[in-house]
Every structure is written in structure tokens, then in C-alpha cells.
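Hi,

Here is the structure I promised to pass on. Have a look at it first, then read on for what turned up.

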Amino acid sequence: MKINSPACVVTGEKAVTLKHYEIDYSGVDCLVKIIRGGICGSDFHYYQHGRVGNYAITAPMILGHEVIGIIEKSDRAELPPETHVAINPSKPCGTCKYCRAKEENQCINMHFFGSAMYTPHIDGGFSQYKIVSGDQCIPYSATVDGQIMVFAEPLAVAIHAVKQAGDITGKKVFVSGVGPIGCLVAAAAKVLGAAEIVTADLSERCLQISLAMGADKAIAANSTMLDEYANEKGYFDISFEASGHPSSVNRCLQITRAKGNIVQVGMGGPINEFPMMTLIAKEISLIGTFRFTEEFRTAVSWLENKKINPLPLLSSEYNYSDFEQALIFAGDKSRASKVQLVF
């Protein structure tokens, strides 16, 4: 059995096209009709630069890893046709030492939607139809607005980041860099019991969104108002660095209290003059965070039960046939936070 499926494909730097694929879905686990997808930073980096980090586009690749859809065909009784599902874009191998330890986000053979890590590349979910494993399909109520449920994947990233800091109940929290992930970190921290959440960014637009997402106070990143938090070896119990910029990392080290935690969320390059003595003298724990594990199911549950409203982050939506215009708009950080494609 075959079906025609248009898809949003990147072929190189500033080179995208709408390509039609014929999908053979006979004998597959699940065939999902995609209804909506969110554009992530990796998607517009592949578009703008033809690569993400060391992974360059060498063949046509379908973009997208923040997608939801409706089951079209399924071999699983728990996933009958017409079931609305959020699709976990992670497909760990299940056999490596990390998978056996339930640390699947560290899988050494991970296949992740829309990634040029392997050759052939791993196609993403910006396609009218997508064949997936039933294990990747998390059902949710059809009454939930698709605009909301598309945030399941980035929210899972944020929940995992907050959990990396341990129990944050009653803690004073700082979030540096409030793009979509930083704002979702602030929202997740609020749900998980933070007593106070302060955010910082250079963008006034982003700061206002962070307040709508749960921050108690938002301060311009270049403001001297932040200096007072450095008194007495720092104020915040936990800082989440979500920009990846060296000045932001330094700021977190200054205003996180002695014996506090810094969770590094933002991806950036090497910091040539990292203030190691500050880290040592204040006995600060610097913690990395990467993707998610069981938090994807948690994110679906939170969105379904309205624990978090992510819609302040939604800047625009486009029909999938206009996805190049959507990518251009998504790359304009002066105007865009999250952009969604409608299929």
C-alpha cells in the first residue's frame, strides 16, 4: 500500500524545496498524518548554513522534529486510527549501555528526526505523512488545540533541564537568555515549585514573553540592576544559562550563590577565558543538559492538563507549502519566537 506525501526538504544552504515522496506503508507499525509542526533552531540553521555544527547536508533531507499528527494506520491496539498523537522524535537503539541504564538521551546510536548526523540523513517530520514506531506516539485528547501540543518536544527539553538541577522547590532561580527554551525553562521551574524566577535577555520582546510564561521579574541583560545579585557571593540557588554566550555564562557565575548550581542549556562555542577560579572558589556545580528521556510524556501530560500555556511564544503560523517563508521569518529573532507549519 502506497500514499503520496509532500515534504519540506533542505538540499543545502538557502536551498529548500517541496518534494513529493511515495510512501509504502504496508506492514509498518504506524502511519501518522502530520497536522502541525514547530520550527526549531536546528531547522533554520540547516536552511541558513546548510549544516548544524559539524553535520552538513550532503543529500536532500526532510526537516522538522516538533510534530503532531493523527494515526492513519496502526498495528497497535492502543493506537487506533483517528488517535491524536505527539511524536517523540527520538529513536534510541535500546541496546547500548546508556539505553540499558534508562539514559536514552545519551544513546550512542540515536536516530533523531531531521538530523544530518548520519549518511543517509535521518528525515524529519515536516511531511504530510510519516511512518513511525508506535513507541514514539504519545496519545493526547483531540480536544487539545494543536497549536499547544506542538510545544511538547521543546517543553520536554525544558523539563529535563530543570530536573537536572534537582529539587527546586522553594529555590531562587535565574534564567539567562529567554528565547523559546529559556521561557519554557522558566515555566517548568514555576510548575516544579521555584519560589522566585528572574529572567534576563537583551530583547525586551523576549523579556515580556518570559513574564507571561511565569517569570516574576525580567531584567535587561546589560542592566546594572543585575549587579546587586552578585553581592555576598551571589543570590540565586540555581541559574539556567540558555543563551550559550560567554558573557551570559560569566554573569551566571557571578550571581549564583556559593554552592549553587548552574545548568548549561544554551549551546555555544568554546569560552577562551572561562573564570575557573570563580567556579572553584564558590564551589558551584556546573551541570550539562541534553534533550530528554521520559520528560516527553511529562510534557504531553502537562500541556493536556493545562499546567503550562505555551501560546505566548507562538509568533506566527504558515501553510507547509510556504515553509521557506516560514524559515526566513523564524530566523528573524527580532520578531519571531516560535513559528508553526500547518499541514
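Let's start with Met149. This is a predicted model, and setting aside neighbours within four places in sequence, Met149 is in contact there with Ile68, Ala86, Tyr140, Val144, Val300, Leu303 and Glu304. Met149 also turns up, together with Phe240, as one of the residues with the most contacts inside the largest nonpolar core, a set of 55 residues. Several elements give two or more residues to this core: helices H3 (146–149), H4 (152–164), H5 (180–191), H6 (204–212) and H9 (295–304), plus strands E13 (172–176) and E16 (236–241). The largest share, eight residues, comes from H4. Apart from this core lies another one, of 36 residues, and Val67, Val85, Ala326 and Leu327 are among them. As background, nonpolar side chains in soluble globular proteins tend to be buried together.

Since H4 gives so many residues to the core, I picked out one residue of that helix, Ile159. Is Ile159 buried or exposed? Ile159 counts as buried because its relative accessible area is 0%, and the cut-off for buried is under 20%. Beyond its neighbours within four places in sequence, Ile159 is in contact with Ala188, Glu295, Thr298, Ala299 and Trp302. If you want a distance to check on screen, try Ile159 and Ala186: they are 27 residues apart in sequence, and their C-alpha atoms are 9.6 Å apart in space.

Next, the empty space. How many cavities of 30 Å³ or more are there? The count comes to one, with a volume of about 40 Å³. Met149 comes back here, as part of a lining that also has His65, Glu66, Val67, Ile68, Ala86, Ile87, Val150, Ala152, Glu153 and Phe296. Strand E7 (66–74), strand E8 (84–87) and H4 each give two or more residues to that lining, and E7 gives the most, with three. By class, the cavity lining has eight nonpolar residues, one polar and two charged.

There are open spaces to look at as well. The second largest pocket holds about 430 Å³ of space. It is lined by 18 residues, and Asn88, Ser90, Pro92, Glu104 and Asp135 are the closest to its centre. Strand E9 (90–91) and H9 are the elements that give two or more residues to this lining. Its residues divide into five nonpolar, seven polar and six charged.

A small stop at helix H1, residues 41–49: its buried residues are Ser42, Asp43, Phe44, Tyr46 and Tyr47. After H1 comes Gly50, with a positive phi near 70°.

Finally, the domains. An unreviewed UniProt entry lists residues 29–140 as "Alcohol dehydrogenase-like N-terminal". Over that stretch the chain is 12% helix and 35% strand, with the end C-alpha atoms 19 Å apart. The entry, again unreviewed, also lists residues 180–304 as "Alcohol dehydrogenase-like C-terminal". Over residues 180–304 the figures are 38% helix and 23% strand, and the end C-alpha atoms are 19 Å apart.

If you only have a minute, I'd go to Met149 and look around: it is one of the residues with the most contacts inside the largest core, and it helps line the largest cavity.

Cheers

Key. Residues are numbered from 1 along each chain as its sequence is written. This is a predicted model: local features need pLDDT of at least 70, side-chain atom pairs count only at pLDDT 80 or more; totals for chains, interfaces and linings use all residues. Side-chain values use heavy atoms; hydrogens and water are left out. A nonpolar core is a set of buried Ala, Val, Leu, Ile, Met, Phe, Trp, Tyr and Cys residues joined through side-chain atoms within 4.5 Å. Buried means under 20% relative accessible area, exposed over 50%, partly exposed in between (1.4 Å probe, protein chains only). Helices (H or I, at least four residues) and strands (E, at least two) are DSSP runs, numbered from the N terminus. Contact means heavy atoms within 4.5 Å. On a 1 Å grid over the protein atoms alone, a cavity is a set of points where a 1.4 Å probe fits but cannot get out, and a pocket is an open set with protein on both sides within 12 Å along at least five of seven lines; lining residues have an atom within 4 Å of a point. Grid points are joined across faces, edges and corners, and a volume is the space filled by probe spheres set on the points. Ala, Val, Leu, Ile, Met, Phe, Trp, Tyr, Cys and Pro count as nonpolar, Asp, Glu, Lys and Arg as charged, and the others, Gly among them, as polar. UniProt positions are given in the numbering used here, feature names are shortened, and annotations may be inferred rather than shown by experiment.
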